[in-house]
Amino acid sequence: MSVDKHAIVVDVGSRYLKVGISGERSPRAVLRCDMAEKMLQTPPLSKVQWADYVGTLLYDACFRDLRVAPKNKRFVVCEDLLLPRNLREALVEVVFSVFKAKHLLLAPATTTALYATCQVTALIVDVGWMETRILPVFERMPILSAQYACAVLKGHVPTRDTSVEDLLERACFVLPATTPNMPVLDAEFFAYTAKALTLPGHARHECLEPLFTGTDELVSVPDAVLDCLAKCPMDVRRALAENILCIGGTAMLPGFRARLQHEVRSQFPMASVLATAFPPNLMTWVGASVFATTAEAMAASVSLEAYEAHPVVFDWLELSP
């Protein structure tokens, strides 16, 4: 089977869609999207509604940002393990039936991030906008019985208010556990109007404390990590604790990884959060970019002819790297 070596790589996140060409170090475009809000809608969106939304996003990404015609191209799509079935089917339908792509590979987003590191064993902590998902991987084999998911920011920050998101990204940080009373300066935002904003110093870190202390409704990220490790076989816990890989946009908050390492070390003194060569929010895309160039990815791709003969969306377990 002849497969194009270069592929269009798409990472579908709850807040941003990242697109680029395989073999490159970073995506060519990072597009804001409203996946999180749409996945929370009641009743759930139908396959047709998802296809309209995703089709528009991918069309703009290919023709406006990548400037590449998707026809007869190979696609590698990083998908979350818990994406709605309708969204998953809509993605495949758009790629094959609308774009007429020649090949498609669906890769699990969490494990794909390992290809951006030199690790084969890691406790992958994907801290996104909508929730945190934790998956232990030992020798590239996911331990599905121990995977963990918990809500993160959607309960604390208005998800549709872009100005609030901007404040979170530009002014907020995670306070070190060793200096809880550290004085923090107010953050002043300049404006040409009388509506200039000053964010009090205490608010810059207190809004993120629920990530590490939890609430009545939400489990903290450190507790989720510890619960996940407790579910793993005893003989792999040390290796996983020594290789905690944080990915996702929320993991980019200043002080997040250091605080997580400190909290987990209360139960596992050997715990270590890995340093990465790429920003946490790009780890999945970069890993997919690397994986897409391998012979395994090309061999696992589904062709347009095979899909038209048997239009079934394959399960990610059958196509995982």
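**Fold, aromatic pairs and backbone details of the predicted chain**

In the protein chain, 67% of the contacts with a separation of 6 or more are between residues 24 or more positions apart, a contact being heavy atoms within 4.5 Å. The structure is a predicted model, in which local features need pLDDT of at least 70 and side-chain atom pairs count only at pLDDT 80 or more, while totals for chains, interfaces and linings use all residues. Residues are numbered from 1 along each chain as its sequence is written, and side-chain values use heavy atoms, with hydrogens and water left out.

Now for the overall build. The protein chain has 14 helices and 13 strands; these are DSSP runs numbered from the N terminus, with helices being H or I of at least four residues and strands E of at least two. A compact globule of 321 residues would have a radius of gyration near 20 Å, and the protein chain agrees, at 20 Å. That radius is taken over C-alpha atoms, and the globule rule is 2.2 Å times the number of residues to the power 0.38. Along the principal axes, the C-alpha atoms fit a box of roughly 65 × 60 × 40 Å. Of the 321 residues, 52% are buried, where buried means under 20% relative accessible area, exposed over 50%, and partly exposed in between (1.4 Å probe, protein chains only).

As for the surface, about 15,100 Å² of the protein chain is accessible, and carbon and sulfur atoms hold 54% of that. These areas come from the Shrake-Rupley method with a 1.4 Å probe, and for residues only the protein chains shown count as cover. The chain carries 30 positive and 35 negative charges, and their mean positions are 5 Å apart. Lys and Arg are the positives and Asp and Glu the negatives, with His and the chain ends not counted; each charge is placed at NZ of Lys, CZ of Arg, CG of Asp or CD of Glu.

Six aromatic pairs turn up in the structure. One of them, Tyr115 with Phe291, is tilted, because the ring centres are 4.9 Å apart and the planes sit at 40 degrees. Tyr115 is in the loop between α4 (109-112) and β6 (122-127) and Phe291 is in helix α11 (residues 283-291), so this pair ties together parts that are 176 residues apart in sequence. Both partners are tucked away: Tyr115 is buried at 18% relative accessible area, and Phe291 is buried at 2%. Phe212 and Phe256 make another tilted pair, at 5.4 Å centre to centre and 55 degrees between the planes. With Phe212 in helix α7 (residues 210-213) and Phe256 in helix α10 (residues 256-264), the pair ties together parts that are 44 residues apart in sequence. For all of this, rings of Phe, Tyr and Trp (its six-membered ring) pair if their centres lie within 6.5 Å, and planes under 30 degrees apart count as stacked, over 60 as edge-to-face and the rest as tilted.

Phe212 and Phe256 are both buried. In α10, Phe256 shares that status with Arg259, Leu260, Gln261 and Val264. An α-helix has 3.6 residues a turn, so residues three or four places apart point the same way. The buried residues of α10 pack against β6, α7, α8 (221-231) and β12.

Strand β12 (244-247) also borders the loop that holds Asn243, which follows α9 (234-241). Asn243 is buried, at 15% relative accessible area. Beyond its neighbours within four places in sequence, Asn243 touches Gln119, Thr121, Ala122, Leu123, Ser272 and Leu274. Gly201, in the loop between β11 (197-199) and α6 (203-206), is buried too, at 3%. With the same neighbours within four places set aside, Gly201 is in contact with Val184, Leu185 and Asp186. Its C-alpha atom is 51 Å from that of Lys5, a residue 196 positions away along the chain. Leu168, in helix α5 (residues 162-171), is buried at 7%, and its C-alpha atom is 9.1 Å from that of Leu208, 40 residues apart along the chain.

A few backbone details remain. The peptide bond from Thr42 to Pro43 is cis, with omega near 0 degrees, and Pro43 is in the loop between α1 (35-39) and α2 (47-66). The loop between α2 and β4 (74-79) contains Arg67, a non-glycine residue with a positive phi near 55 degrees. Asn72 lies in the loop between α2 and β4 as well, and its phi is also positive, about 65 degrees, although Asn72 is not a glycine. Arg67 is exposed at 71% relative accessible area, whereas Asn72 is partly exposed at 47%.
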